[in-house]
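Me: Please take one part of this model and describe it closely, together with whatever surrounds it. I would like the terms explained as they come up, and a connected account rather than a list.

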Amino acid sequence: MSKHLFLGDEAIAQGALDAGISGVYAYPGTPSTEITEYIQASAEAAESPIHTRWATNEKTAMEAALGMSYVGKRALVCMKHVGMNVAADAFVNAGMTGVNGGLVVVAADDPSMHSSQNEQDSRFYADFAFIPVFEPSNQQEAYDMVRKAFDFSEQYNVPVLFRITTRLAHSRAGVETGAKKAQNGLSYPESSAQFILLPANARRRFKTILASLPALTAASEESEYNVYKDASDRSMGIIACGIAYNYLMENFAGESPYPVLKISQYPLPEKLIARMADECDKILVLEEGYPFVEAKIKGLLGRGIVVKGKLDGTLQRDGELTPDSVGMVLGMAPKSEYAIPQIVQMRPPALCQGCGHRDMYEALNNVLREYENPRVFGDIGCYTLGALPPFRAIHSCVDMGASVTMAKGAADGGHFPAVAVIGDSTFTHSGITGLLDCVNENANVTIVISDNETTAMTGGQDSAGTGRLESICAGIGVDPAHIRVLEPLKKNMQVMMDTIREEINYKGVSVLIPRRECIQTLSRKKRNKK
């Protein structure tokens, strides 16, 4: 064994490597990105070899990992919580097919929306799909549990959801690592019908899944990660899930005066919950994210016991838990060591100086002032900052790829001009199919694919469309005469404006590609070259 100072993400990555994975499949998304980056940079991945290339989106990542599982190999899938929405079709149906080789899906939830559109809780996806969940409370558990999750996946022939949150993903702690397991050899499903979800097969598979639920619940009852710690003061029992257990123990210096049930593996350990209900006057539920466990146990226990938490206002529904917010619920004063000092004045984020998006927005704004009531539909990426001063250039940002289809819908409704702004990586992630809809109906839209030749918002990962955007658009059916490439620089401002104006006035589908490499990735390349 050896000890390392790991981010939670790095602990998961090393745990997966030591569990003998043959591939990691992911699309960059904070706070999950560092898992895949760690594996990509590891000597083990290069020597084994292990598949490490970024997928085009989370759905393709999930499906490719399921294919690797089909041939008996272990695969890790990584995404942020909103990536689960993209992967949902494959994820839910993977619960129906089951697995062959171990399959673990990491969902990194983002309470407080540090870099996200919402605070959704991925545990609901697993519950919906009858898929077990592992939820570590600290970095050591993250390492140990991901190894256990692969074994568990193969033991019960099910995918496993591995749920973490931002603070665990991006905080560091010492982690003891263990021996590395060899990769699985090729093997194939015993039943040729297992992965064929025709209705007749699917009905049999669903019965199999339902029949397995008692065994999965029993495994949670016996899990080393679901621990009941008794105590003398039974006026209240505390259920603490995942990282919330860590916050609780920080307040009690590791020794609670109340009985505590730590939950880090799901389905819920119903017998342990029933024991707490029998022995304690009331129950406090501490969980990061939505009141998933709180609502569940109210259903399990009925009206016989008071359950406190987010649903009754004991804890706030939005944002993250902290050691202080947990302590205050327990009647403790806030601790100064947890406070964040106000060293500098908070300021909103802004596009980097020298960024090509800035010149693109300046040119676009200059042209759109010539039109009555223009609307620009934006998308997910660093260019979303164009919504803020000084540009205030976009009017929507909903989900990956929505810029193209919202612009089409506005045009369908008679609005002009309808402009979409989308990045190169987001376009290949989710914008291509929307552009195909535009082409099929010759929608009167102008699509701006602002190409900085990378996935810049999450740190400069490879973009799936680099060097191919024009051919992709032409292949979809956009008239090549209306696929215009621009160089977004101040000296080219007049040319950019003239081209934008021409394409807005064209009655049909236009694609503008302002292309200039991200200033941050260019700077890193220059530093590395030196």
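Reply: A residue counts as buried under 20% relative accessible area, as exposed over 50% and as partly exposed in between, with a 1.4 Å probe and protein chains only. By that scale Ser112, at 30% relative accessibility, is partly exposed; the residue belongs to the loop between β4 and α6 (123–129), and its phi, near 80 degrees, is positive although Ser112 is not a glycine. The model is predicted, so that local features need pLDDT of at least 70 and side-chain atom pairs count only at pLDDT 80 or more, whereas totals for chains, interfaces and linings use all residues. Residues are numbered from 1 along each chain as its sequence is written, and side-chain values use heavy atoms, with hydrogens and water left out.

The part I would look at closely is a sheet further along the chain. It is an open sheet of 5 strands in the order β14-β15-β16-β18-β17, and the pairing is parallel. Strands here, like helices, are DSSP runs numbered from the N terminus (E, at least two residues, for strands; H or I, at least four, for helices), and two strands pair if DSSP finds at least two bridges between them. The edges are formed by β14 (375–377) and β17 (483–486), each of which pairs on one side only. From one strand to the next the twist averages 20 degrees. At the β14 edge, 3 bridges connect this strand in the parallel sense to β15 (residues 418–423), and within that pair Phe377 stands opposite Ala420 of β15.

Two helices that pack on this sheet can be followed from here. Helix α14 (residues 356–368) touches β14, β15, β16 (445–450) and β18 (509–514), and its direction makes about 180 degrees with that of β15. Helix α16 (residues 424–441) also packs on the sheet, where it touches β15, β16 and β18, with a direction at about 150 degrees to that of β15. Contact means heavy atoms within 4.5 Å; axes are lines fitted to C-alpha atoms, for helices over the stretch in contact, and angles run from 0 to 180 degrees between N-to-C directions.

Helix α14 also packs against helix α18 (residues 493–505), at an angle of about 55 degrees and with the axes 9 Å apart. That angle makes α14 oblique to α18, given that under 35 degrees counts as roughly parallel, over 145 as roughly antiparallel, 65 to 115 as roughly perpendicular and the rest as oblique. On the α14 side the contact involves Asp359, Met360, Glu362, Ala363, Leu364, Asn366, Val367 and Leu368, and these meet Met493, Met496, Met497, Ile500, Arg501 and Ile504 of α18. Sorted by class, the contact has 10 nonpolar, 1 polar and 3 charged residues, where Ala, Val, Leu, Ile, Met, Phe, Trp, Tyr, Cys and Pro are nonpolar, Asp, Glu, Lys and Arg are charged, and the others, Gly among them, are polar.

The loops attached to these strands deserve the same attention. Between α14 and β14 lies Asn373, which has a positive phi of about 55 degrees although it is not a glycine, and which counts as partly exposed at 44% relative accessibility. In the loop between β14 and α15 (402–412) lies Pro390, and the peptide bond from Pro389 to Pro390 is cis, with omega near 10 degrees. A cis bond also joins Phe416 to Pro417, with omega about -5 degrees; Pro417 is placed in the loop between α15 and β15. Such details are worth checking against the backbone, since most residues other than glycine have a negative phi and most peptide bonds are trans.

Towards the β17 edge, the loop between α17 (469–476) and β17 contains His482, which is buried, with a relative accessible area of 14%. Leaving aside residues up to four places away in sequence, His482 touches Glu503, Tyr506, Val509, Ser510 and Val511. For a view across the chain, the C-alpha atom of His482 is separated by 41 Å from that of Ala94, which lies 388 residues away along the chain.
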